[in-house]
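Got your viewer open? Load the model shown here and follow along, one selection at a time.

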Amino acid sequence: MNTIKYYSFSNYSENKEYKSIENISIDVKTKKNIYKLIRLNDQQYYQLHKSSIAIFEDYGHMMSLYADKDILYSSFSKMFTALKLLFGESGKYYDDWKGSFSFPFLILNKDKEEIAYLMNIYNIRSSIEFGMRKLIKSADDTLERDIIHKPFEDFPREEINYFINFFVGYLYSSPQ
């Protein structure tokens with residue numbers, strides 16, 4: 001278990017105070033960056049979610065992962081079991097009528113900690129989603145909060161897809 005310090009994004013512009021979280025985390029290395037992926041509890045996710053905007057999911061990429069029967073993503077039960085064994089119990093931040101689990105994470109760029117995203121792995125009906133959100137300052141009025149945005153330059157689509165592939169591979173290869 002690692003202790004990670006991050007800015008309180010809900011008060012980012014008014015308060016530069018660090019808050020510590022002691023959560024399970026892993027490093028994810030892509031072609032361009034090294035990220036810290038930190039498991040969040042529901043309260044942490046909810047607080048950060050308030051200062052975030054949604055990013056379009058690449059459903060073509062998700063369908064290609066699902067079609068590959070040799071990887072963990074194509075098995076709903078194996079994916080859930082791996083997530084639970086590695087990161088603890090599911091959170092409660094999901095639609096319990098259509099889904100059964102939620103595993104929220106904070107993604108920090110290790111070189112530029114002010115660049116951060118949220119990733120919530122959850123299921124809805126029979127699919128597994130990787131909901132991505134960009135954290136923004138609470139006083140930032142330049143971005144519309146009620147629409148889904150294309151990926152930004154600091155975490156482009158190729159990088160997001162590589163990140164998801166790495167994570168799914170990590171789940172598959174980790175000793176449970």
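A word on burial before you click: buried means under 20% relative accessible area, exposed means over 50%, and partly exposed is in between (1.4 Å probe, protein chains only). This is a predicted model, where local features need pLDDT of at least 70, side-chain atom pairs count only at pLDDT 80 or more, and totals for chains, interfaces and linings use all residues. Residues are numbered from 1 along each chain as its sequence is written, and side-chain values use heavy atoms, leaving out hydrogens and water.

Start with F87, which is buried at 5% relative accessibility. Now add F167, buried at 0%. Their rings make a stacked aromatic pair, 5.9 Å centre to centre with 25° between the planes. (Rings of Phe, Tyr and Trp, its six-membered ring, pair if their centres lie within 6.5 Å; planes under 30 degrees apart are stacked, over 60 edge-to-face, the rest tilted.) F87 belongs to helix α3 (residues 76-87) and F167 to helix α4, 80 residues apart. (Helices, H or I of at least four residues, and strands, E of at least two, are DSSP runs numbered from the N terminus.)

By that ring rule there are 11 aromatic pairs. Select Y35 and F163 for an edge-to-face one: 5.7 Å between centres, planes at 85°. Y35 sits in strand β4 and F163 in helix α4 (residues 157-173), so this pair ties together parts 128 residues apart in sequence. Add Y117 and F155, and you have a cluster linked by ring pairs with Y35 and F163.

Last stop: β3 (residues 25-29) and β4 (residues 34-39), antiparallel over five bridges; strands pair if DSSP finds at least two bridges between them. Four residues separate the two strands of this hairpin.
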